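This report describes one protein model, beginning with a charged pair and moving on to the overall fold, the surrounding contacts and the surface.

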Amino acid sequence: VYGCYWHEDGKKVDFFLDGKYVYSLNPPIDFLEPMHYRLSSNYYDWLRTETAESGGFNDSKEDRSTKFKWVRTWYLQDN
């Protein structure tokens, strides 16, 4: 389970894996623009294969697609 928390002031983003803090970054400009989700799974240069077949590229579209079980968002509210 991946998570991230954009701080309200837009100056910091914290990242989590399985509920545990992993890393923070401070964007070069404040991160205050409206956001949208774009879920993607890309191999880039991680994929080490010699042929399209051995990399799964000849499989059906269904077998080559990334599937997400769920996506959840929260808005923080003052108590």
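## A salt bridge between distant segments

In this predicted model, Asp30 and Lys11 form a salt bridge whose closest N and O atoms are 3.3 Å apart. The pair connects distant parts of the chain, 19 residues apart: Asp30 belongs to the segment after β3, and Lys11 to the loop between β1 (2-6) and β2. Asp30 is partly exposed, with a relative accessible area of 38%. Lys11 is likewise partly exposed, at 43%.

The count of salt bridges comes to two. The other pair is Asp14 with Lys12, where the N to O distance is 3.9 Å. Here the two partners fall into separate accessibility classes: Asp14 counts as buried at 9% relative accessibility, whereas Lys12 counts as partly exposed at 33%.

## Overall architecture

The protein contains three strands and zero helices, and its elements follow the pattern β-β-β along the sequence. Of the 79 residues, 8% are buried. The accessible surface amounts to about 8,100 Å², and carbon and sulfur atoms account for 52% of that area.

Contacts between residues at least 6 apart in sequence can be divided by their separation. Among them, 16% join residues at least 24 apart.

## The surroundings of Asp14

Asp14 is located in strand β2. Its relative accessible area is 9%, so Asp14 is classed as buried, the limit for that class being under 20%.

Besides the salt bridge to Lys12, the side chain of Asp14 takes part in polar contacts with two other side chains, those of His7 at 2.7 Å and Ser24 at 2.4 Å. When neighbours within four places in sequence are set aside, the residues in contact with Asp14 are Gly3, Cys4, Tyr5, His7, Tyr21, Tyr23 and Ser24. His7 and Ser24 therefore appear both in this contact list and as polar partners of the Asp14 side chain, a polar contact being a pair of N or O atoms within 3.5 Å and a contact requiring heavy atoms within 4.5 Å.

## A nonpolar surface patch

Six side chains deserve separate description. Tyr2, Phe15, Leu17, Val22, Tyr23 and Leu25 form a nonpolar patch on the surface, and together they have about 630 Å² of accessible area.

Strands β2 (13-17) and β3 (20-25) each contribute at least two residues to the nonpolar patch. The largest share, three residues, comes from β3. Tyr23 is a member of the patch and is placed in strand β3. Tyr23 is also one of the residues in contact with Asp14.

## Backbone geometry at Asp18

Which residue other than glycine has a positive phi of about 50°? That residue is Asp18. Most residues other than glycine have a negative phi. Asp18 is found in the loop between β2 and β3.

Asp18 has a relative accessible area of 54%, so Asp18 is classed as exposed, the limit for that class being over 50%. Asp14, by contrast, is buried at 9%, and Asp30 is partly exposed at 38%.

Methods:
Residues numbered from 1 in each chain as written. Predicted model: local features only at pLDDT ≥ 70, side-chain atom pairs only at ≥ 80, totals over all residues. Heavy atoms only, no water. Patch = residues over 30% accessible without salt bridge, like charges linked within 9 Å, V, L, I, M, F, W, Y side chains within 5 Å. Areas by Shrake-Rupley, 256 points an atom, 1.4 Å probe, with all protein chains shown as cover. Salt bridge = Lys/Arg side-chain N within 4 Å of Asp/Glu carboxyl O. Helix = DSSP H or I, 4+ residues; strand = E, 2+ residues; numbered from the N terminus. Buried < 20%, exposed > 50% of the residue type's maximum accessible area, 1.4 Å probe, protein only. Polar contact = N/O pair within 3.5 Å; in protein donor to acceptor, adjacent residues only side chain to side chain.
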